[in-house]
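User: I'm a first-year student, and I'd love a close look at the metal site in this structure. Could you walk me through it, and then through some other contacts in the chain?

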Amino acid sequence: MTLTNTLRGLAVAALFAVPAPVQAQMNPLSNLAAVGAPRDPKVKITFDRYYDHAAVGEIGRMLQAAHPDRCKLSSIGKSTEGREMWMITVSNFKVGDADKKPAMYIDGNIHSNEIQGTETALYTAWYLCEMAPQVAWIDTLLNQRTFYIVPTINPDARDNFLKQPNTASSPRSGSAPRDNDMDGLIDEDSSDDLNGDGHITQMRRRSRLGNLVTSPVDPRLMIPALPGQRGEWEMLGQEGFDNDGDGRVDEDGIAGSYDPNRNWPWRWMPQYVQGGSDMYPTSLVETQNVINFVKNRPNIAGAQSYHNSGGMLLRGPGMQQDEYRPQDVRVFDALGAVGERILPGYRYMVVWKDLYTVWGGELDWFYGARGILTFSNELWTSFKYFETAAQNTDRNDRIDYEFDRLLLFGEAFVPWTKVIHPQFGEVEVGGMKKQYGRAVPGFLLPAESHRNMAFTVFQASEMPLVQIDSIAVKSLGNGLSEVTAITSNPKLAPTHTQQDVENNISRPNWISLEGGEVAAGFIMSGGGGGFFGGGTPVGEEQKVRPARINVANIPGQGSVTVRWVVRGNGPFTITVDSPKGGMARATTAR
Ligand SMILES: [Zn+2]
């Protein structure tokens, strides 16, 4: 897609972003709204294209203008090349303090070629804002939760992917200049778009020494020659030539040689152990910006970082040495099982065990250093081509070619054309376009974005949420009262992951009493048959500052009982203040 295309899409969207009554007059097309989409969206944008960095900011501005009570655009800092790293905060700003509500952090596109994470993140902001007045469940969600959405954390190289000639896999890096081949020159030999079509495709040459023949099913496709069969073609790699005359082709490209998802300060390893880790953890300004933001938001309980591709719901750890605490694994497993239901063709997996070892990855920093329950979805899978795991077994065909023929009518493929190559002479250039294979085709992008959004919103809804279930007051005589409060957390996630508790990452929950002079405070645990089961409750006294009791964790779908001995007869006000579980307050009757 070209820049012009992007801007045209936005210009049309802006034209239609008019107040609803006027629009109703202008729209003669009477309709029945489908479920699962805003009936009358204030921001009319389509999710069948990939937006560049400027468009991401513009969409954020449009959402903020249309939904000032629910949507706010800001920046978490500037990228290497000075682009703003846009963040869209979504919450009901009229209810509570957004920066104190249990929050979900969402980003995408850390790998610059993995573009649709950005659209999924944008879709999430758009859908939640547009649907809150229409769907009670979302309205309640935004009263209770905050979403910090950073659609791209690699904005420089995103624009490179969109606007420069690339393959589906380039660039993966960011734009900080690096001398990949250590010849003293920076970015002197990147790929070359020989036919000038904006895509880096393949080069082939007719050759009796080649080992490939033309497929009888799809003449665009080359297949291995059978034993005894003479080859017709030899492959010469992807489009490019030796720009600097060092005998190597495309060895030092524009977009660096590092991997932004190996640059995080959790089990970071140097380049010779973990390729792409760059010079030291957080050497990249984009990494620093995310870390600085997240460490200042202790209310972030859950996180999602969207990648492509493969159809995976990934959790850490990235390396065998770091197996997650069992209490936390149970929560991940429960969320992952629902995710596999929401996302047909996706599998819930553990990075090191089911994929490969990653040192210094983003999700490991989120969980390891911050105790945040974090998933990384790998968007798009070949399952989606024909909605089956069955592959095309015809040796003369391939599933991506078949899908392109039957559903895209050949649009995803650049036809083979002759060009003169400076070193090879006459060759043919052709192959799959950069936005095919890993990115989602246009007609499927809204559905893919929706399902991934639904999983992440489900995770957000199951982040901790503290409540006060009951307060019992018993007179002890002599002006003393015994006050017993049961606080609970009905959600899957605990207020503190076990990783958080064991490593003292977040402050404890504070359960405090006002309305009397506190003589003693206790955390109770049920004796024998449980607290109300006839056993004798056992109290663990907090001798220092008993009016505010420190509770290390309120478990998921669990409760904690606290008790005070207080001089006074009430009314008493109990407050539960949880860094990741929100705040609850209740006052006893006079
Ligand atoms: Zn990735």
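Analyst: Happy to help; what follows begins at the metal and moves on to the charged pairs, the cysteines and one strand. Please keep in mind that this is a predicted model.

Let's start with the zinc ion. Its donors are ND1 of H111, two OE entries from E114, and ND1 of H307, at 2.0 to 2.5 Å. Along the chain, these donors follow the spacing H-x2-E-x192-H. That long gap is worth tracing: E114 sits in the loop between strand 3 (103–108) and helix 4 (116–131), while H307 belongs to strand 9 (residues 300–308), so the pair links parts of the chain 193 residues apart. Both E114 and H307 are buried.

What about the geometry? For four tetrahedral donors, the ideal angle at a metal is 109.5 degrees. Here the four donor atoms subtend angles of 56 to 154° around the zinc ion, and because four donors count as tetrahedral only if all angles lie between 85 and 135 degrees, the arrangement is irregular.

Now for the charged pairs. Side chains of opposite charge can pair when their charged atoms come close. The structure holds 33 salt bridges, and one of them joins R83 to D156, with the closest N and O atoms 2.8 Å apart. This pair also links distant parts of the chain: R83 is in the loop between strand 1 (71–78) and strand 2 (84–90), and D156 is in helix 6 (residues 155–163), 73 residues apart. The two partners differ in how much they are covered, since R83 is partly exposed at 22% relative accessible area, whereas D156 is buried at 2%.

Helix 6 also holds a more local pair: D159 and K163 lie four residues apart, about one turn of the helix. Their side chains meet in a salt bridge at 3.6 Å, N to O. D159 has a relative accessible area of 8% and is buried, while K163, at 38%, counts as partly exposed.

Another salt bridge brings D259 and R172 together at 3.0 Å, N to O. D259 is in the loop between strand 8 (233–238) and helix 7 (285–295), and R172 is in the loop between helix 6 and strand 5, 87 residues apart. D259 counts as buried at 7% relative accessibility, and R172 is partly exposed at 29%. Some salt bridges share partners, and in this way D52, E81, R83, D156, D159 and K163 are joined into one network.

Next, the cysteines. A search of the whole structure finds zero disulfides. For C71, the nearest cysteine sulfur is that of C129, 3.9 Å away; a disulfide needs the sulfurs within 2.5 Å, so this pair does not qualify. C71 is buried, with 1% relative accessibility, and C129 is buried too, at 0%.

Finally, take a look at strand 14 (residues 425–432). Six of its eight residues are buried, so the strand is largely enclosed by the rest of the structure. Strand 13 (residues 413–421) runs antiparallel to strand 14, and seven bridges join them. A hairpin of three residues connects the two, and H421 has G425 as its bridge partner. Strand 5 (residues 202–206) pairs with strand 14 as well, in the antiparallel sense over three bridges, with Q202 standing opposite G430.

Conventions. Residues are numbered from 1 along each chain as its sequence is written. This is a predicted model: local features need pLDDT of at least 70, side-chain atom pairs count only at pLDDT 80 or more; totals for chains, interfaces and linings use all residues. Side-chain values use heavy atoms; hydrogens and water are left out. Buried means under 20% relative accessible area, exposed over 50%, partly exposed in between (1.4 Å probe, protein chains only). Two strands pair if DSSP finds at least two bridges between them. Donors are N, O and S atoms within 2.8 Å of the metal (3.2 Å for Na, K and Ca); water is not among the atoms, so sites may look incomplete. Four donors count as tetrahedral if all angles lie between 85 and 135 degrees; four count as square planar and six as octahedral if opposite donors are over 155 degrees apart and all others between 65 and 115; anything else is irregular. A salt bridge is a side-chain nitrogen of Lys or Arg within 4 Å of a carboxyl oxygen of Asp or Glu.
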